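Grab a pencil and work through these exercises with the model open beside you. Try each task before you read its solution.

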Amino acid sequence: MMLLLLGALLLLGGYFLLHVTLLRLPRCKSAARFDGKTAVITGANTGIGKTTAMDLARRGARVVLACRDRRRAEATVQEIIQETGNNQVIFMQLDLASLQSVRSFAENFLRSESRLDLLINNAGLLNGGKTKDGFGMIFGVNHLGHFLLTMLLLDRLKASGSSRVVNVASKAYTMGKVDFNCLTTHRDLALGGSDYHLFQKYCHSKLCNVLFTYEFAKRLQGTEVTCYSLHPGYIKTEITRDFSFWSKIIGAPFLLFATDAKSGAQTTLHCALEQGIEHLSGHYFTQCAPLVNIESKARDDATAKKLWELSESFCGLS
């Protein structure tokens with residue numbers, strides 16, 4: 001019994017040591033305040049988005065939680081206000097699985113808010129099914145809804161002076177591809193509805209995030225708006241909550257190497273707040289630093305341009 005107890009303590013100690021050394025992610029070092037400025041964060045009622053919102057509220061920002069679930073979002077608003085003492089934290093309804101909801105959110109925001117200094121496209125999911133507009137759910141929410149949202153808010157970003165767009169992507173982009181034939185024929189990134197196929201679609205959507213940022217930076221040249229994509233790290237979130245029981249069992253051991261949402265928010269905060277990175281607009285960041293040797297498919301000019309034009313068409317913008 002004593003040997004078992006000793007073994008358990010050693011394992012626990014090793015696990016703790018692993019998390020405070022090898023698995024510890026760099027922290028955002030910016031001490032910048034955000035008083036008088038406004039930030040919109042999608043999916044801010046939980047996980048990385050919630051942690052990001054809490055940090056920006058502490059810095060004095062007016063923070064808009066753009067979320068689908070009113071009950072959870074309003075509870076998060078109250079929690080952030082109580083924790084930070086900042087009353088300038090509000091909820092606005094946004095369902096990224098509905099382009100009409102995205103348009104309604106933009107209309108409401110532009111009518112009620114005079115400025116926008118920071119847009120953080122944070123929300124993401126791994127669900128099957130279709131959006132209200134008939135697109136694959138993962139493509140519709142992770143890429144297309146955010147694309148439309150950004151386009152509708154772009155003039156307000158430009159009018160607010162130096163502003164930023166931060167797209168939360170993932171290293172999963174390395175396993176992604178953009179199948180334009182599948183997109184045009186099926187309005188989805190791939191076919192199939194198993195957990196494996198959903199993960200494939202997630203990887204494809206994260207490549208879309210990176211390519212969107214890359215092309216967006218080109219189109220922003222000559223303005224005071226900059227944009228960045230990022231990998232938050234391997235983080236414990238609720239993104240796989242709809243996976244099957246057996247997929248969760250298989251994935252459980254990997255959670256031992258995942259870190260918390262506070263760690264996962266650090267690169268988002270770095271891209272949002274760090275001074276002097278404007279010349280890195282369009283770059284992909286990881287561990288609070290730009291990744292220099294990014295894969296060539298994430299810098300494919302033709303693919304990025306074609307994805308942009310197709311996204312405009314899907315959103316009725318072209």
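**Exercise 1. Find out how many residues separate Phe-212 and Phe-216 in helix H7, and what that makes of their spacing.**

Step 1: Phe-212 and Phe-216 both belong to helix H7 (residues 195-219) and are 4 residues apart, so about one helical turn separates them. Helices here are DSSP runs of H or I with at least four residues, strands are E runs with at least two, and both are numbered from the N terminus.

Before going on, two ground rules. This is a predicted model, where local features need pLDDT of at least 70 and side-chain atom pairs count only at pLDDT 80 or more, while totals for chains, interfaces and linings use all residues. Residues are numbered from 1 along each chain as its sequence is written, and side-chain values use heavy atoms, leaving out hydrogens and water.

Step 2: Look at the two rings. Phe-212 and Phe-216 make a stacked aromatic pair, with 5.5 Å from centre to centre and 15° between the planes. (Rings of Phe, Tyr and Trp, the last by its six-membered ring, pair if their centres lie within 6.5 Å; planes under 30 degrees apart are stacked, over 60 edge-to-face, the rest tilted.)

Step 3: Widen the view. Ring pairs join Phe-212 and Phe-216 with Phe-147 and Trp-308 in a cluster, and the structure has 11 aromatic pairs.

**Exercise 2. Decide whether H7 is largely enclosed or not, and check its span.**

Step 1: Count buried residues. In H7, 19 of the 25 residues are buried, so the helix is largely enclosed by the rest of the structure. Buried means under 20% relative accessible area, exposed means over 50%, and partly exposed is in between (1.4 Å probe, protein chains only). Phe-212 and Phe-216 are both buried.

Step 2: Check the span. From first C-alpha to last, H7 reaches 36 Å, close to the 36 Å expected at 1.5 Å a residue. (The expected span is 1.5 Å times one less than the number of residues.)

**Exercise 3. Compare three residues: which of the labels buried, partly exposed and exposed fits Lys-201, Lys-37 and His-279?**

Step 1: Start with Lys-201, which lies in helix H7. Its relative accessible area is 8%, so Lys-201 is buried. Now see what surrounds it: leaving out residues up to four places away in sequence, Lys-201 touches Ile-138, Asp-188, Leu-189, Ala-190, Leu-191 and Gly-192. (Contact means heavy atoms within 4.5 Å.)

Step 2: Move to Lys-37, in the loop between helix H1 (2-20) and strand E1 (38-42). At 32% relative accessible area, Lys-37 is therefore partly exposed. Beyond its neighbours within four places in sequence, Lys-37 is in contact with Ala-61, Arg-62, Arg-115 and Asp-117.

Step 3: Finish with His-279, which sits in the loop between helix H10 (266-273) and strand E7 (284-286). A relative accessible area of 63% is why His-279 counts as exposed.

**Exercise 4. Find residues that are separated in sequence, and say how far apart they are in space.**

Step 1: Take Lys-37 and Leu-116. They are 79 residues apart in sequence and 7.1 Å apart in space, C-alpha to C-alpha.

Step 2: Do the same for His-279 and Thr-226: 53 residues apart in sequence, 8.5 Å in space, again C-alpha to C-alpha.

Step 3: Zoom out to the chain. Among its contacts with a separation of 6 or more, 77% are between residues 24 or more positions apart.
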